[in-house]
Amino acid sequence: MGGHHRSPGRDELGRTPRVAWLVLAPIALLTLVAMVWLWPTGDVVPDEQGSADQYEGRISAIERSECTEELTDDVNGCGTATVSLETPEDDPRDEPVDTAEVPLPNGPGAPEVEEGDDVVLILNETPDGESYAIVDHQRGTGLAVLAGAFVLAMVAFGRWRGVSALAGLGVTFLLLLYFVVPAILDGSPPLLVAIVGSAAIMLTVLYLTHGLGATTTVAVLGTLASLTLTGLLSALAVSALHLTGVTDDLSLAVGMTQGVNTEGLLLAGIVIGSLGVLDDVTVTQSATVAELARANPAYGALQLFRAGSRVGRSHIASVVNTIVLAYAGSALPLLILIVANTESLGSVVTDQIIAQEVVRSVVATLGLVAAVPLTTGLAAVVLRARTHPVEQGPAVDQA
């Protein structure tokens, strides 16, 4: 006499348990209610103080001349560029001109220009009249080509999954540009906006990209729990270390001109920045446990948890390095300035700019470390319940 186990099929692993929906439904409803409550009530009015009108044009000729004084940062030398200007429909100029003689740009960050370059200019009002200055290159065409190559690569390699990933990316940008940023500018608490926006992105994008199923639902729950922990840890760390979020001219300008709470903005950046890595880890862990459950139907929840955790530890080791390098790369210019002007390594590490990046890295890492056991344990319980071996009657031996 004997019995045999029925291998779990994809349908069993794909169906989401009812209890998971009972947990997700209130979360989704709460997220929707919070978005309605935090939705910006009015149009964001741009700060026009000190702003200048921008124009596009093409350099038709360059006339170089000898410099009468030494330039602090010689990029293009001395001389003028003749620029053919494009006239926009809403041109505020009283007497639009088709061409302008513009001094060659020099100084830190000035664009290097040649004949035929498409450039961006600003119009400055001076006591002597209007004057133009070249401030940048036009990049619309180049960015469009790059974006087109990205889309083609995603579709060619990922096929329908690539299309769904692109749709998810579109949803992410829409939520960031039409909810998160306007809500912060409207005066809502940045950390709360970031958590609500991240929850909306997660609920929409994960299901859109990976489909409705038990593995995706487990990943969503694991991401939400880890994201909440990340938000709490970041708030605790920023408060304990007395970080203000003001580390450069850009953050100072945002705080002063837009009235944004820079400390809250720092917390919001940590939460949103952690989301992309968190969902990668949780989806991977959930899918790993699902494949283990398929390959080993006799595995119990504890065995699935242990096997999945081994994979998770390897994944975390590589992702942590990715996080630290990403934050270090974004702050590299500031890091160079601090190190160059400071003799003590201890004072470098405790400087607010570096401390802020340390907090970003450490808090994001702690959230990731917590995501592995949380998601793996939840997946082991849920998927084990969906693939529990079914005991059948005595097996009949056939000759």
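The structure holds one disulfide, and this briefing begins there before turning to the fold, a pocket and several individual residues. The model is a predicted one, and the protein in it contains 11 helices and five strands. Of its 399 residues, 38% are buried.

**The disulfide**

- The disulfide joins C67 to C78, with a distance from S to S of 2.0 Å.
- The pair links distant parts of the chain, since C67 sits in the loop between β1 (53–65) and β2 (78–85) while C78 belongs to strand β2, and the two cysteines are 11 residues apart.
- The torsion about the S-S bond of C67 and C78 is about 115°, and the disulfide is therefore right-handed.
- The two cysteines fall into separate classes of accessibility: C67 has a relative accessible area of 31% and is partly exposed, whereas C78, at 18% relative accessibility, counts as buried because the limit for that class is under 20%.

**Contacts across the protein**

- Among the contacts in the protein with a separation of 6 or more, 71% are accounted for by residues that stand 24 or more positions apart.

**The second largest pocket**

- The second largest pocket has a volume of about 420 Å³.
- The lining of this second largest pocket is made up of 19 residues, and those closest to its centre are T172, V205, L206, G276 and D279.
- Three helices, α3 (140–185), α4 (190–210) and α7 (262–295), each supply at least two residues of that lining, and the largest share, seven residues, comes from α7.
- By residue type, the lining of the second largest pocket divides into 10 nonpolar, six polar and three charged residues.
- As a general point about how such spaces are found, rolling a probe the size of a water molecule over the atoms shows where empty space is left.

**S274 in helix α7**

- S274 lies in helix α7, and with a relative accessibility of 3% this serine counts as buried.
- A polar atom of the side chain of S274 lies 2.7 Å from the backbone oxygen of I270.
- When the neighbours within four places in sequence are left aside, S274 is in contact with T230 and A364.

**S164 and T209, between helices α3 and α4**

- S164 lies in helix α3, and T209 lies in helix α4.
- Both residues are buried, S164 at 13% relative accessibility and T209 with a relative accessible area of 12%.
- Leaving aside neighbours within four places in sequence, S164 is in contact with L208 and T209, and T209, under the same condition, is in contact with R161, S164 and A165.
- The side chain of S164 also reaches the backbone oxygen of R161, at a distance of 2.7 Å.
- S164 and G211 are 47 residues apart along the chain, and their C-alpha atoms are separated by 9.3 Å.

**V181 in helix α3**

- V181 lies in helix α3, where its relative accessible area of 41% makes this valine partly exposed.
- In sequence V181 and A194 are 13 residues apart, and in space they are 9.2 Å apart, taken from C-alpha to C-alpha.

**H242 and its backbone angle**

- H242 is found in the loop between α5 (214–240) and α6 (249–258).
- At 66% relative accessibility, H242 counts as exposed, because the limit for that class is over 50%.
- Most residues other than glycine have a negative phi.
- The phi of H242, by contrast, is near 55°, which is a positive value in a residue other than glycine.

Technical notes:
Residues are numbered from 1 along each chain as its sequence is written. This is a predicted model: local features need pLDDT of at least 70, side-chain atom pairs count only at pLDDT 80 or more; totals for chains, interfaces and linings use all residues. Side-chain values use heavy atoms; hydrogens and water are left out. On a 1 Å grid over the protein atoms alone, a cavity is a set of points where a 1.4 Å probe fits but cannot get out, and a pocket is an open set with protein on both sides within 12 Å along at least five of seven lines; lining residues have an atom within 4 Å of a point. Grid points are joined across faces, edges and corners, and a volume is the space filled by probe spheres set on the points. Helices (H or I, at least four residues) and strands (E, at least two) are DSSP runs, numbered from the N terminus. Ala, Val, Leu, Ile, Met, Phe, Trp, Tyr, Cys and Pro count as nonpolar, Asp, Glu, Lys and Arg as charged, and the others, Gly among them, as polar. A disulfide is a pair of cysteine sulfur atoms within 2.5 Å. Buried means under 20% relative accessible area, exposed over 50%, partly exposed in between (1.4 Å probe, protein chains only). A polar contact is a pair of N or O atoms within 3.5 Å; within protein, one must be able to donate a hydrogen and the other to accept it, and residues adjacent in sequence count only if both atoms are side-chain atoms. Contact means heavy atoms within 4.5 Å.
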